[in-house]
Amino acid sequence: MKKGYLINIAMVLSIVVLFMSCDSRSADYRIISVEAPFPMKPICEYIFPERDYVITDFGAVADTMYVNTEAIKQAV
């Protein structure tokens, strides 16, 4: 059970970091060209900025008895 809990926390934190770091004004992309046997546009890979957000700063509680929905909404 503890492993599943840690995986859920990691997923939530990843989503929060994803939404918080997506700033289209300062977006950086790496262009990847692929040689394929069919026409293919270059792939744009987003480069995430080096920023971390602690979900507990937004009111989240690290236990299995508390619903952190409001804290996640505030963080995003």
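Among contacts in the chain between residues at least 6 apart in sequence, 39% join residues at least 24 apart, where contact means heavy atoms within 4.5 Å. This is a predicted model, so local features need pLDDT of at least 70 and side-chain atom pairs count only at pLDDT 80 or more, while totals for chains, interfaces and linings use all residues. Residues are numbered from 1 along each chain as its sequence is written, and side-chain values use heavy atoms, with hydrogens and water left out.

Now for the layout. The chain has 2 helices and 2 strands, and they come in the order α-β-β-α along the sequence. Helices here are DSSP runs of H or I with at least four residues, strands are runs of E with at least two, and both are numbered from the N terminus. Of the 76 residues, 11% count as buried; buried means under 20% relative accessible area, exposed means over 50%, and partly exposed is in between, with a 1.4 Å probe and protein chains only. The accessible surface of the chain adds up to about 6,400 Å², and carbon and sulfur atoms hold 62% of that. Those areas come from the Shrake-Rupley method with a 1.4 Å probe, and for residues only the protein chains shown count as cover.

Let's go to the two strands and their rings. A search of the whole structure turns up 2 aromatic pairs. In one of them, Tyr 29 and Tyr 46 sit edge-to-face, 5.4 Å centre to centre with 70° between the planes. This pair links distant parts of the chain: Tyr 29 belongs to strand 1 (residues 28-32) and Tyr 46 to strand 2 (residues 43-47), 17 residues apart. Tyr 46 also pairs with Phe 48: the ring centres are 4.8 Å apart and the planes are at 80°, so this pair is edge-to-face. For the cut-offs, rings of Phe, Tyr and Trp (its six-membered ring) pair if their centres lie within 6.5 Å; planes under 30 degrees apart count as stacked, over 60 as edge-to-face and the rest as tilted. Put together, Tyr 29, Tyr 46 and Phe 48 make one aromatic cluster. Is Tyr 46 buried or exposed? Tyr 46 counts as buried, because its relative accessibility is 18%. Phe 48, on the other hand, is partly exposed at 44%.

The strands are also linked by charge. There are 2 salt bridges in the whole structure, a salt bridge being a side-chain nitrogen of Lys or Arg within 4 Å of a carboxyl oxygen of Asp or Glu. One of them joins the side chains of Glu 45 and Arg 30 at 2.3 Å, N to O. Glu 45 is in strand 2 and Arg 30 in strand 1, 15 residues apart, so to speak a link between distant parts of the chain. Both ends are partly exposed, Glu 45 at 31% relative accessibility and Arg 30 at 45%.Between the strands, the surface turns nonpolar. Val 34, Phe 38, Met 40 and Ile 43 form a nonpolar patch there, with about 340 Å² of accessible area together. Patches are made of residues with over 30% relative accessible area and no salt bridge; like charges are joined within 9 Å and nonpolar side chains (Val, Leu, Ile, Met, Phe, Trp, Tyr) within 5 Å. Val 34 lies in the loop between strand 1 and strand 2 and counts as partly exposed, because its relative accessibility is 39%.

Further along, look at the loop between strand 2 and helix 2, which holds Asn 68. Asn 68 is buried, with 15% relative accessible area. A polar atom of its side chain lies 2.8 Å from the backbone nitrogen of Val 61. Setting aside neighbours within four places in sequence, Asn 68 is in contact with Ala 60 and Val 61.

That brings us to helix 2 (residues 69-75), where Ala 71 is found. Ala 71 is buried, because its relative accessible area is 5%. Which residues does Ala 71 touch, not counting those up to four places away in sequence? They are Ile 55, Phe 58, Gly 59 and Ala 60. The C-alpha atoms of Ala 71 and Phe 58 are 5.2 Å apart, although their positions lie 13 residues apart along the chain. Helix 2 also carries a salt bridge between the side chains of Lys 73 and Glu 70, at 3.5 Å, N to O. These two are 3 residues apart in the helix, about one turn, and Lys 73 counts as exposed at 54% relative accessibility.

Terms used. Polar contact = N/O pair within 3.5 Å; in protein donor to acceptor, adjacent residues only side chain to side chain.
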